[in-house]
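Dear colleague,

I am passing on the structure we spoke about, and below it you will find my notes on what turned up in it. Please read them with the coordinates open beside you.

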Amino acid sequence: MAGSMEIPAKGGFNFDLCRRNAMLEKNGLKMPGFRKTGTTIVGLVFRDGVVLGADTRATEGPIVADKNCEKIHFMAPNIYCCGAGTAADTEAVTDMVSSQLQLHRYATSRESRVVTALTLLKTHLFNYQGHVSAALVLGGVDVTGPHLHTVYPHGSTDTLPFATMGSGSLAAMSVFESRYKEGLTRGEGIQLVADAICAGIFNDLGSGSNVDVCVITKGKTEYLRTHQEPNPRTYASSKGFSFAKGHTEVLSTKIRQLKLKPEVTEGDAMEEE
Amino acid sequence: IFEYNGSAVVAMVGKNCFAIASDRRLGVQLQTVATDFQRVFEIHPKLYIGLSGLASDAQTLYQRLVFKHKLYQLREERDMKPETFASLVSAMLYEKRFGPYFCQPIIAGLGQDDVPFICTMDCIGAKELAKDFVVSGTASESLYGACESMYKPNMEPDELFETISQALLSSVDRDCLSGWGGYVLVVTPTEVTERVLKGRMD
């Protein structure tokens, strides 16, 4: 690389390899596929707050890469965000805005507001003109009340009482449209969200595995990881495979003992003279 | 471009131990250039990284990671925990979001209290933590299938070695671009065992 190898990172993206990658692509080599979340994510506002839901399948093309990944990301103690789209983008964007919100909380000594997170997310995504492919459902409860927003990869946002995103969004939206009403109770809200995610899991190929639910109310947040497991594994054989020791042919073996590192104990601090 | 050099890397968790294995072929598309190529690198005695994909990016990434880890060791006077290292790798890969390294890392290590930790990421740093096994490389589809059926939780180191070797060898047999032997590392809190496997050389 030109110049010094490791200048301390200024943050943001580094475009050093773009020219080389363009040259490789021109010589006929395919760009790698990124892991997508191929998801169903939903949110709805109920009487006392917001319920967010997501499935847990991460896909890499047609293969399931992760059967139980977490798509509901922490933003602030009272704000959570579900992410669909390219997995790395949703994780990076939510982590970044979560850190910015924490710094903001330290600076203002106040609980974060949902619109703050929303504005940070939409300006970042708009700056990259949709190339950061993250579609988010942002929900939380702050001093002004419960809020639910959707953020699209190009930076547009909607404020809605119920929302769905991801490849399974149509399946989930059909459940919401038929059964949503104002003033749902907590139990009804969780049930509706779980049913919507299940609709996505069973009808959309890009969504699957378990249902994660997050309930946010004033002063309390409950993250119900694996709230439902509608797809238990049915095919595991009870005996399983077992290979006798020495079954595999080995050409050479090298065993190295791990030495315990000497402990560095704190000495007395030097006297300040 | 992941199919330029060919690779297969897999890691599995056992009882207080983990195993990481890779194939040993280095090819240029369909021609084999080396049969002793190293894909699993040590960062410190309890932390290993396996890099599949483009070989030159794998080696560059390894060198940059060792550099960063050495600086960390100097500043903090201790080794990096696997979870921290995984975040470091993820951040380095995401930095190149629009011009990525063509590499899929697998990170395996013993963390606090020697609890085994494995994770994999795609080439732009989307971390995927797993409790059982992780795979990457051109043979990944067969590896998913083999590991899914052969894996059992809480295996002892010897049984873990047999299982991961069988999964690796059977999967690379179904992939033209990887194979030519195998290299398996089994790490327990007290010792590290490296074994070179005999495989089909085709």
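**Chain A as a whole, and a shared sheet**

In chain A, 62% of the contacts between residues at least 6 apart in sequence join residues that are at least 24 apart. Please keep in mind throughout that this is a predicted model. Chain A contains five helices and 13 strands, and of its 273 residues 44% count as buried. The area that chain A exposes comes to about 15,400 Å², of which carbon and sulfur atoms supply 55%.

The sheet I would look at next is an open one of six strands with antiparallel pairing, in the order 13(A)-12(B)-11(B)-2(B)-1(B)-10(B). Strand 13 (250-257) of chain A and strand 10 (133-137) of chain B stand at its edges, and because each has a single partner strand, one side of each is left without a neighbour in the sheet. From one strand to the next, the twist averages 10°.

Within this sheet, strand 11 (residues 182-187) and strand 12 (residues 191-197), both of chain B, pair in the antiparallel sense over six bridges, and B:V187 stands opposite B:V192 of strand 12 of chain B.

Two helices of chain B lie across strands of the sheet. Helix 3 (residues 140-150) of chain B lies across strand 1 (8-13) and strand 10 of chain B, and runs at about 160° to strand 10 of chain B. Helix 4 (residues 157-172) of chain B lies across strand 1, strand 2 (18-23), strand 11 and strand 12 of chain B, together with strand 13 of chain A, and runs at about 155° to strand 1 of chain B.

With best regards

Key. Residues are numbered from 1 along each chain as its sequence is written. Chains are lettered from A and ligands numbered from 1 in the order in which they are written. This is a predicted model: local features need pLDDT of at least 70, side-chain atom pairs count only at pLDDT 80 or more; totals for chains, interfaces and linings use all residues. Side-chain values use heavy atoms; hydrogens and water are left out. Two strands pair if DSSP finds at least two bridges between them. Helices (H or I, at least four residues) and strands (E, at least two) are DSSP runs, numbered from the N terminus. Axes are lines fitted to C-alpha atoms, for helices over the stretch in contact, and angles run from 0 to 180 degrees between N-to-C directions. Contact means heavy atoms within 4.5 Å. Buried means under 20% relative accessible area, exposed over 50%, partly exposed in between (1.4 Å probe, protein chains only). Accessible areas come from the Shrake-Rupley method with a 1.4 Å probe; for residues, only the protein chains shown count as cover.
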